[in-house]
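Reader: I'm new to this one. Could you walk me through it, one question at a time?

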Amino acid sequence: MRCPHCGNSDDKVIESRTLAAGDAIRRRRECIGCGYRFTSYERIEDKQFMVIKRDGRREPFDRSKIERGVQRAVEKRPVSQMGIESLINEIEDEAAIMGKEGHEIRAGIIGDLVLEKLKTLDKVAYIRFASVYRHFEDLDEFVSEIQKMEGTNKTNIK
């Protein structure tokens, strides 16, 4: 494994932990050259899992797209990196289970999974993600989503 700090390929494993119900291993590593500590993940590579986009195109499932969206939503929020990693692992696992039969899943289902998980993790991150995912165009859409999230019927939120 190449050190992301100095590029040295000599490292040692400090800690290993099983993740995602045994489908992944998280390893903490330390570079022998510079002492930098970093994390690597090992996953079983299965048949390519495809995502069906809104326009009908199919593209390979890309975990990093979910990660970028979640990272943007939780930016400057009190959410730990472990919490984010756990959330992304849960989404990836559930998506794989839902699309197991045909090795594909609709992009909308993945987006809904992200919203569901963010709602329990951080409500501000949920609203941020929902505003992009659902293409909010005005303040009323934000207010409506907040009311739905909170389960209220108030119409005079200002």
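Author: Sure, starting with a term: helices (H or I, at least four residues) and strands (E, at least two) are DSSP runs, numbered from the N terminus. This is a predicted model, where local features need pLDDT of at least 70, side-chain atom pairs count only at pLDDT 80 or more, and totals for chains, interfaces and linings use all residues. Residues are numbered from 1 along each chain as its sequence is written, and side-chain values use heavy atoms, with hydrogens and water left out.

Reader: What pattern does the protein follow along the sequence?

Author: The secondary structure comes to 5 helices and 6 strands. Read along the sequence, the pattern is β-β-β-β-β-α-α-β-α-α-α.

Reader: Is the protein compact or spread out?

Author: Take the radius of gyration over C-alpha atoms and hold it against the globule rule, 2.2 Å times the number of residues to the power 0.38. The rule gives 15 Å for 158 residues, and the protein has 19 Å, well over that, so it is more spread out than a compact globule.

Reader: Which strands are at the edges of the open sheet?

Author: Two strands pair if DSSP finds at least two bridges between them. This open sheet has 3 strands in the order β1-β2-β3, with antiparallel pairing. Pairing on one side only, the edge strands are β1 (11-19) and β3 (37-43).

Reader: Which residue of β3 is the bridge partner of R29?

Author: Strand β2 (residues 24-31) runs antiparallel to β3, and 7 bridges join them. R27 stands opposite S40 in β3. For R29, the bridge partner in β3 is F38.

Reader: Which residue in the hairpin turn has a positive phi?

Author: β2 and β3 form the hairpin, with 5 residues between them. The turn residue with a positive phi, about 85°, is G35.

Reader: At what angle do α3 and α4 pack?

Author: Axes are lines fitted to C-alpha atoms, for helices over the stretch in contact (heavy atoms within 4.5 Å), and angles run from 0 to 180 degrees between N-to-C directions. Helix α3 (residues 107-121) and helix α4 (residues 123-133) have their axes 8 Å apart, and the angle is about 160°.

Reader: How many residues of the contact of α3 with α4 are nonpolar?

Author: The contact includes L115 and L118 of α3, and F129 and Y133 of α4. Ala, Val, Leu, Ile, Met, Phe, Trp, Tyr, Cys and Pro count as nonpolar, Asp, Glu, Lys and Arg as charged, and the others, Gly among them, as polar. Alongside 2 polar and 3 charged residues, the nonpolar ones number 8.
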